[in-house]
Amino acid sequence: MSDFEPKIVAFVCNWCTYAGADLTGTSRIKYASNVKIIRFPCTGRIDFMLLLKSFANGADGIIVSGCHPNDCHYTSGNFHAKRRWIMFKELMDFMGIDMNRITFSWVSAAEGAKWAEVVNSTVLRVKNLGPFVSYKQMINKSIEEEVSNE
Amino acid sequence: MSRIGVFICHCGENISATVDCTKVCEATAKLKHVAYSTEYKYMCSDPGQSLVKEAIKKYNLTGVVVSACSPRMHEPTFRKACAEAGLNPFLCEMANLREHCSWVHEKNDSTTEKAIDIVRTLVEKVKHNEALQPIYVPVTKTALVIGGGIAGIQAALDIANCGHKVIMVEKSPSIGGHMSQLSETFPTLDCSQCILTPRMVEVYQHPNITLYTYAEVEGLEGFIGNFVAKIRKKAKSIDEKLCTGCGLCTTKCPQKKIPNEFEQNMGNRPAIYVPFPQAVPNKPVIDKEHCTYYIKGKCKVCEVVCPTKAIRFDQVDEILEVPVGAVVVSTGFDIKHADFFPEYGYGAYKNVIDGLQFERLASASGPTAGEILRPSDGKKPKNIVFVACAGSRDPAKGISYCSKICCMYTAKHAMLYKHKVHDGNAHVFYMDIRSAGKNYDEFVRRAIEEDHVNYIRGRVSTIYEKDDKLIVKGVDTLLGAQQVEIEADMVVLATAGIANSGAEELAQRLHISYDSHKFFAEAHPKLKPVETNTAGIFLAGACQNPKDIPDSVSQASGAAVKVAALFSQKELKRDPLIAKVNRMGPPMFSTCVGCFMCQSVCPYNAIEREDYKTRDGKIIKTVAKINEGLCQGCGTCVSLCRSKSIDLFGYTNKQVYTEVVALLNEYL
């Protein structure tokens, strides 16, 4: 699996992790190019259905990252995200999604080096797990079944 | 049908050195609905912006994706350019090819592919962007200044002199900050008190400034132009209107052995005290922790002696809620204290002191009335050693930065010592001399050449006591790493400047960012050094990083101008990136079912109830409605809404789901 390059989507908040990732750039710290960022105003805005949507579209791994507890630009968005994440994680675990494919982290605007570390460790973990084709196939299969039942 | 324009910036070589911009341009030109795609060396320059403007008109574009640096840098620039060309500014998005791609990856095919992925994602997103109109909100033309040191004083005076109201909150009983503790200031050696106290009095007497000392900011709600600050006025146990500041109570108080914070614990003070003779306001407070009455329930000597009957033992803390439009944070710094340097015996040996303690020894108003005397026995030290970089630039101790002020104040200390102890010897151990500043290097040269201060380049490894001397062991690297041993009478450590102990909590209360050393973070290191990431909150002085007086004062004036510029507007223009609950015709009115879960998670109380009624007033349906003035656009309600009735402009469900699909599917 050495030549496998995973596709990883990162959902980050504008004020902490996006700015932190900007700092990684400004500090010229290199990291794996597999991760692509989608910007949100706050982790509170991140609808976890987006995670399933990502897997359905062929993502092999996901990063969700925002402000440290108490540091949220909007006071409490990250706490709401964390609470929903705890619930949603159980659901995904129940569905059989390997939780090693998902990283939930706090990266502040001052932690450029930490962002690189979060990305690199996630890429490494997902590389070891291999491509996540089973989810995409499952989705396609259930659609086919639905169609044939009709 | 969408007609999208893609503008790829080389950023000099910052992007083009690792990303094949031509390839990105060709690939994006083939995307569906992309009407125009081009590349240019500097898109943010005037010709670059003109390129965007002309293309909007020529190709009748309905959306623009500028693929350049971070949107946190230039989104306002390009949105403005679009508006000038007649395109709604919210139809412009930025693809971050610099910070998130070219600067963090090596030059290869996958980096260019990632760049194409990023641009494609934003192209798909921008197709779903809506033309939005800005929101206008009123401005409360009162500024809150937190911290009454020299930076806060300067900011408050500048704002007040522009004709705006200022509320200054100071934690301690007097304003003045660290500057009031200093003896003399570099590079002019003029007395710190002489230049500071007139400004302190000016603050106190200014008709536009309301001063709350012995008070703290407990919370800040709201947003730029419309904050509400919660201020706790701690009980001073005196009636300030009646107190004349005669000071009789302070002389009669039976508690006299309380370590004096202003003297850096080198002197004592009573339980009812004025921190220093020039304090503003010059009225005492009772330190409840040490007051006999508060501890044992009897004493009240101060009440008996007070000629105006101003003592109030039953006074309680007062909480004020004040509307303010802008905030200047100028809470200053602290220095590393004992237990950080066990190898230097700091805290263990009486004659090893820090820079601020030396300031008090050298100050005419200090515990020794300006004579340099050893704390242990009151003798004049004949041999004194100054250790620069005590803690600073020492990543092993967690402080990687330079504290900036130590080189200069160490030179000043050595000079002051030589001026006061003519036959004494002053030695300075240093790593580098950093004396950049107007007349700064000349000042250090004067210490070395005219006052014959012995500068030794090298670090001190250990300090230990032998009889009544301190043995300082170090190295002289300019003499080929030769060991140096000095028998000193006193050692002064230029300890690292650090963030104030409550800095983290305050940052969290104000919702501003801070760095790993707990110093408050500026919005941009070069172009927005005064602003924070939170609009309407500005920084001044050493709470951002250690700074000397001229730098603190300049930054404070900078912050004041930012506040004045804000207050010069009748109304503030805000980005309309806020949430909206959908609406439709009867009988549904909205898909909102009125569960009001959103109300419980909204940090701004921006969600209201709206009733739909029949002609005779009977309520048919109650649905949620967003107050546009209060909503800040965090979007927590959007992802929580169970019926998916709320959406967030700029980050609508359509936009973000499209982004996910576009990011992962190359065929689009």
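The following exchange introduces a predicted model of two chains, A and B, through questions and answers.

Colleague: What ipTM does this model score?

Modeller: The structure is a predicted model, and its scores come with it. The pTM is 0.85, and the ipTM is 0.93.

Colleague: What is the mean pLDDT of chain B?

Modeller: Where pLDDT is low, predicted coordinates should not be read in detail. In chain B, 99% of the residues reach 70 or more. The mean pLDDT of chain B is 94.

Colleague: How many residues does each chain bring to the contact, and which element of chain A gives the most to it?

Modeller: Chain A brings 41 residues and chain B brings 42 residues. On the side of chain A that touches chain B, helix H1 (17-26), strand E2 (35-40), helix H2 (49-56) and helix H3 (77-95) each supply at least two residues. With six residues, the element that gives the most to this side of chain A is H1(A).

Colleague: Of which classes are the residues on the side of chain A that touches chain B?

Modeller: That side of chain A includes nine charged residues. The other classes on this side are 15 polar and 17 nonpolar.

Colleague: Which domain of chain B is assigned in three segments, and what distance separates the centres of domain 1 and domain 2?

Modeller: The domain assignment of chain B gives domain 1 (4-134), domain 3 (248-305), domain 4 (335-498) and domain 5 (579-648), while 142-234 + 317-332 + 500-571 is domain 2. Taken over C-alpha atoms, the centres of domain 1 and domain 2 of chain B are separated by 39 Å.

Colleague: What is the strand order of the open sheet of four strands in chain B, and which strands are its edges?

Modeller: The sheet has the order E2-E1-E3-E4 (chain B), with parallel pairing. Neighbouring strands are turned by 15° against each other on average, direction ignored. Two strands pair on one side only, and these edges are strand E2 (34-40) and strand E4 (92-96) of chain B.

Colleague: How many bridges join E3(B) to E4(B), and which residue stands opposite Val66(B)?

Modeller: Strand E3 (residues 63-68) of chain B runs parallel to E4(B), and five bridges join them. Opposite Val66(B), in E4(B), stands Met94(B).

Colleague: At what angles to E4(B) do helices H3 and H5 of chain B run?

Modeller: Helix H3 (residues 71-84) of chain B packs on the sheet and touches E3 and E4 of chain B, its direction making about 150° with that of E4(B). H5(B) lies across strand E1 (4-9), E2, E3 and E4 of chain B. The angle of H5(B) to E4(B) is about 165°.

Colleague: How do H5(B) and H18(B) cross, left-handed or right-handed?

Modeller: Two packed helices are described by the angle and the distance between their axes. The axes of helix H5 (residues 109-126) and helix H18 (residues 653-664) of chain B come within 8 Å and cross at roughly 150°. The crossing of H5(B) with H18(B) is right-handed.

Colleague: Which residues of H18(B) meet H5(B), and how many residues of this contact are charged?

Modeller: From H5(B), Asp117(B), Arg120(B), Thr121(B), Glu124(B) and Lys125(B) take part. They meet Gln655(B), Thr658(B), Glu659(B), Ala662(B) and Leu663(B) in H18(B). The residues of this contact divide into two nonpolar, three polar and, as charged, five.

Colleague: What is the order of the open sheet of three strands in chain B, and which residue stands opposite Glu216(B)?

Modeller: This sheet has the order E11-E12-E17 (chain B), with antiparallel pairing, and its edge strands are strand E11 (215-223) and strand E17 (318-324) of chain B. Eight bridges join E11(B) to strand E12 (residues 226-233) of chain B. Opposite Glu216(B), in E12(B), stands Arg232(B).

Colleague: Which residue in the turn between E24(B) and E25(B) has a positive phi?

Modeller: Strand E24 (residues 460-466) and strand E25 (residues 469-476) of chain B pair in the antiparallel sense over six bridges, with Tyr464(B) opposite Ile471(B). The two strands form a hairpin with two residues between them. The turn residue with a positive phi, of about 55°, is Asp467(B).

Colleague: Which peptide bond leading to Pro187(B) is cis, and which residue in the loop between E8 and E9 of chain B has a positive phi although it is not a glycine?

Modeller: Pro187(B) is found in the loop between strand E8 (184-185) and strand E9 (190-191) of chain B, and the cis bond, with omega near -5°, runs from Phe186(B) to Pro187(B). The loop between E8 and E9 of chain B is also the place of Leu189(B). The residue with a positive phi of about 60°, although not a glycine, is Leu189(B).

Technical notes
Residues numbered from 1 in each chain as written. Chains lettered and ligands numbered in written order. Predicted model: local features only at pLDDT ≥ 70, side-chain atom pairs only at ≥ 80, totals over all residues. Contact = placed C-beta atoms within 7 Å. Nonpolar A, V, L, I, M, F, W, Y, C, P; charged D, E, K, R; others polar. Pairing = 2+ DSSP bridges. Axes fitted to C-alpha atoms, helices over the stretch in contact; angles between N-to-C directions. Left-handed = near helix turned anticlockwise from the far one by under 90°. pLDDT = per-residue confidence, 0-100. Domains from an automatic or database assignment.
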